[in-house]
Each structure stands twice: as structure tokens, then as C-alpha cells.
Amino acid sequence: MTSSAPPFSPLQASFDNLSAELKLLIKCQTNEPVGAEELNAINWSLFVQLVKSHRIIGGLYPIIDENEWLPVGIKDRLKAIYDQNKLRMLTFTAELLHISKLFQKNGIASIPLKGPLLSYVYHGDFMQRVCHDIDLLLEPAQIEKAYSILYDEGYRMMEEIYTTPKQKEVYLANFHHYCLYHETKNIIIELHWRLLASQNILTFPNAELWKNAWVEKISGIDIQLLSKHDNFLYLCVHGGQHQWKRLFWLNDIVVVLQKEEAIFITEAYDLAKQRGIGNYVLQALQLASALYKIILPASIIDEITSKDSVSHLSKIALVHMNSLMSLDEQEPFSLKTLRGKVSRFWLHYTSSYYYGDLKNVVHEAKAYFINPAYWSVFAFPDKVFLLNYVAAPFLWGYHFFRKFKKSNL
């Protein structure tokens, strides 16, 4: 293995442009020394909000608990967030095991994705991650049965996604999960019938995923998990599709790389190339090297430095990381917010091209015309379903300006 300096160099200017709070956050995660001048520039309220937005309190607080330079009031706020997350993760874990046992009783095989079990495999406990929901991969033929079981448990669709047979057919072909919510438990479950919506572009063969899965016994329940290579590739693609705007996705990559043997990186990249997702993995590795000082094999560094597209992708990711607060907020409509929307739109499609090729961009553009939210406003009958694609740009505009109108109320 060799130094990680080469892949860092093209990103230096982008790294320099990160906010002081985000730089400190990354330093805290790597337990690097922090100077007095750096601390004087920190907006501590913003720092705490970034910890929450980037969802890294699980792994961060144990590291910074002993740091004497952290203001006492801020440490107390972070401890409260950390304790709250521990309770939340215990709740998620209990519900995940309950649902897994229920599915097994009804002959339904499932594979948990990310979530508390990823924390368990690589941290040894269930509470070192922050989870927004519970993701479960099922065989497509079992989805409706699983949905019926969860319905009886009190889960409901978070929003109406289709009302006609044709809408359902189009939804199942172009999306990859149902999103269910339990109001009393305040838990979201996503039932996946494939890993990605763009399965036809990015290859994750379902048959291989199930064949490669391994079993971990937890609380007396046999839980199937993705193989470590399949899991790593999924984390890379999932993070890339979300533009790596939250650090906890990249932190998952870092934790995996720290726990696995050196050869794991080259094995994973070789498999990624076979599946047409090489640039997703190289971007994740470059960001892990640049921000968290992960040491990469010489062959991987050569791959990164030989592809300008990878550094372009990483620079775009750093822009999104740095803009997370504004991305999450509902800002009033103005020329500034409109320019921001257009800029993010451009970055999204630029990333699609760098990840793959024009085929990837065409797929992304196609998805723009298929949105269940459009159908809830207006939809043509199934007999003339194609007219819904003609109406899509107008319905997109309706939703765009309606969102800004709401934010101004």
C-alpha cells in the first residue's frame, strides 16, 4: 500500500472552500489536532446543526468526548443528541428483528440494508450509526405479501403512489421500493424489490445478491446479509446517487475500509468494473482518501489519477457536502434560489454523465417524466397513458412553484 497524497491533490482547492465548521467536523472524526485560530472561527450552533444534518453523532461523540477544547455547553448538546440516537437505534433494531422474525414465520426471505445491522457488523454494536428508516431487500414476488403483513402491523404507505393498473406497472418498472410509515412507532420501512431504481443501467443481479448473502444469528434469529463485497459496492453507488451530501454515507465507506484487508479494495473495484459502476467506487475511494486519510493501493491511485471524471465527481460531492444546510432548507423563491436549483440540476446530470455515459443521462432524464406526485394532481386514463409524459413538464412546474409558495407562508 502507498500514500494517499496523489488522489488528494486535485481536490485541494475544493477542500479549501469547505466551511470552517465542516472542516472541524472532519478533523473531529479523524481525531486530528485543532488549532486555536480554527476554533475562534467556529459558529458552534452551526457546528451542532451540521453534526445532526450529516448524521454522524453515533461515531463522532465517542471520539470527541475527551476533547478539552470543545466548549462544555456544546459537548452537553452533542451528548444529548448522542443519547437520543442510541435510544432510537435500539428501537430500530428491535423493530427490525421483530419484522424479520415475522417475515420468516410467513416464508419471506429478507436482507436488511445499511441501518443498525451495518453498525453491528463493522462496529460490534447497533448504535454507531444514525438511521432514518429500515431498508429491507425482498424477492420481487414476495413484495405484496410483505406489504400485507406490514399493513396488518399498522404500517401505511407514506403517500399514494398509484391508483390504476398502468400506473402500478410503470411504478414497479421504474422505482425500487415502497415507503411505509407506522404513526405510533414513528418508524419508516422501505421494502425494496431491487437495490436501485436504475437496475437496468447499474448492474446488481438479484440472483447473485441472494446467492452471495451470508447469515448472522442475532438474538436467536438467522439474519441474511449482503456479502461484504456486494454491500460495499451498494454503499458506494447509494452514496454517489445521493451526491455524498451527508458525511455518514462516506463514513460507512471509511469504516469498511478500515476493517477489511488491503486486498478487499482491489477485489471490490474489479467487481465494480464488471458491473459498470467503477467510477462510483473510485469516487468513494478518492473522497475517503482525501478527507479521512485512507491509504489506497498504488493500482487504485493510478486508476483515479488516470480518470479526470472521478475528480470531477469528487469536486461535485464536496460542493454538496458544503451546501447541505441550504439543500435541506425550504428557501423563499428568489432569483438566487432559482439559480441554486438550476445549478444543482446541472450538477446532477453532469454527475450522471461522469458516472457512466450518455445512456446514464438518458435514464435520469426519463425518470424526470415519471413521478407519482404528478399523478396525484392530474393523470390521464390508462388507455391514453402516454399523454402523462406530455403533461409531466407542466406538472413539474406546478410542484416547483407550489413548494416555494409553501415556504413563503
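Begin with the open sheet: five strands in the order β1-β2-β5-β4-β3, with mixed pairing. The coordinates belong to a predicted model, and the tour should be read accordingly.

**Stop 1: the sheet edges**

Select β1 (110–113) and β3 (156–157), the strands that stand at the two edges. Each has a single partner strand, so one side of each is left without a neighbour in the sheet. Keep β3 selected and add β4 (residues 177–182); the two strands run antiparallel and are joined by two bridges. Within this pair, display M157, which stands opposite L180 in β4.

**Stop 2: the largest cavity**

Return to β1, which is one of the elements giving two or more residues to the lining of the largest cavity. The other elements to select here are α8 (115–123) and α12 (228–241). Which element gives the largest share of this lining? That element is α8, with four residues. To see the full lining, display P112, L113, K114, L117, L118, V121, Y122, W214, L225, L226, K228 and N231. The space they surround has a volume of about 130 Å³. In total, the model contains four cavities of 30 Å³ or more.

**Stop 3: the largest nonpolar core**

Next, select F47, L78, F232, W244 and I253, the residues with the most contacts inside the largest nonpolar core, a set of 83 residues. Add helix α15 (residues 278–292), the source of the largest share of this core, ten residues.

Now centre the view on F232. Which residues is F232 in contact with, leaving aside its neighbours within four places in sequence? The partners are I253, V256, L257, F264, A268, V281 and L285. I253 therefore appears twice at this stop: as a contact of F232 and among the residues with the most contacts inside the core.

**Stop 4: the second core**

Clear the selection and display I108, F126, Y178 and F385. These residues are included in a second, separate core of 41 residues.

**Stop 5: two cysteines**

Finally, select C28 and C179. Is C28 buried or exposed? C28 is buried, because its relative accessible area is 2%, and the cut-off for burial is under 20%. C179 has a relative accessibility of 22% and so counts as partly exposed. How many disulfides does the structure hold? The number is zero.

Methods: Residues are numbered from 1 along each chain as its sequence is written. This is a predicted model: local features need pLDDT of at least 70, side-chain atom pairs count only at pLDDT 80 or more; totals for chains, interfaces and linings use all residues. Side-chain values use heavy atoms; hydrogens and water are left out. A nonpolar core is a set of buried Ala, Val, Leu, Ile, Met, Phe, Trp, Tyr and Cys residues joined through side-chain atoms within 4.5 Å. Buried means under 20% relative accessible area, exposed over 50%, partly exposed in between (1.4 Å probe, protein chains only). Contact means heavy atoms within 4.5 Å. A disulfide is a pair of cysteine sulfur atoms within 2.5 Å. Two strands pair if DSSP finds at least two bridges between them. On a 1 Å grid over the protein atoms alone, a cavity is a set of points where a 1.4 Å probe fits but cannot get out, and a pocket is an open set with protein on both sides within 12 Å along at least five of seven lines; lining residues have an atom within 4 Å of a point. Grid points are joined across faces, edges and corners, and a volume is the space filled by probe spheres set on the points.
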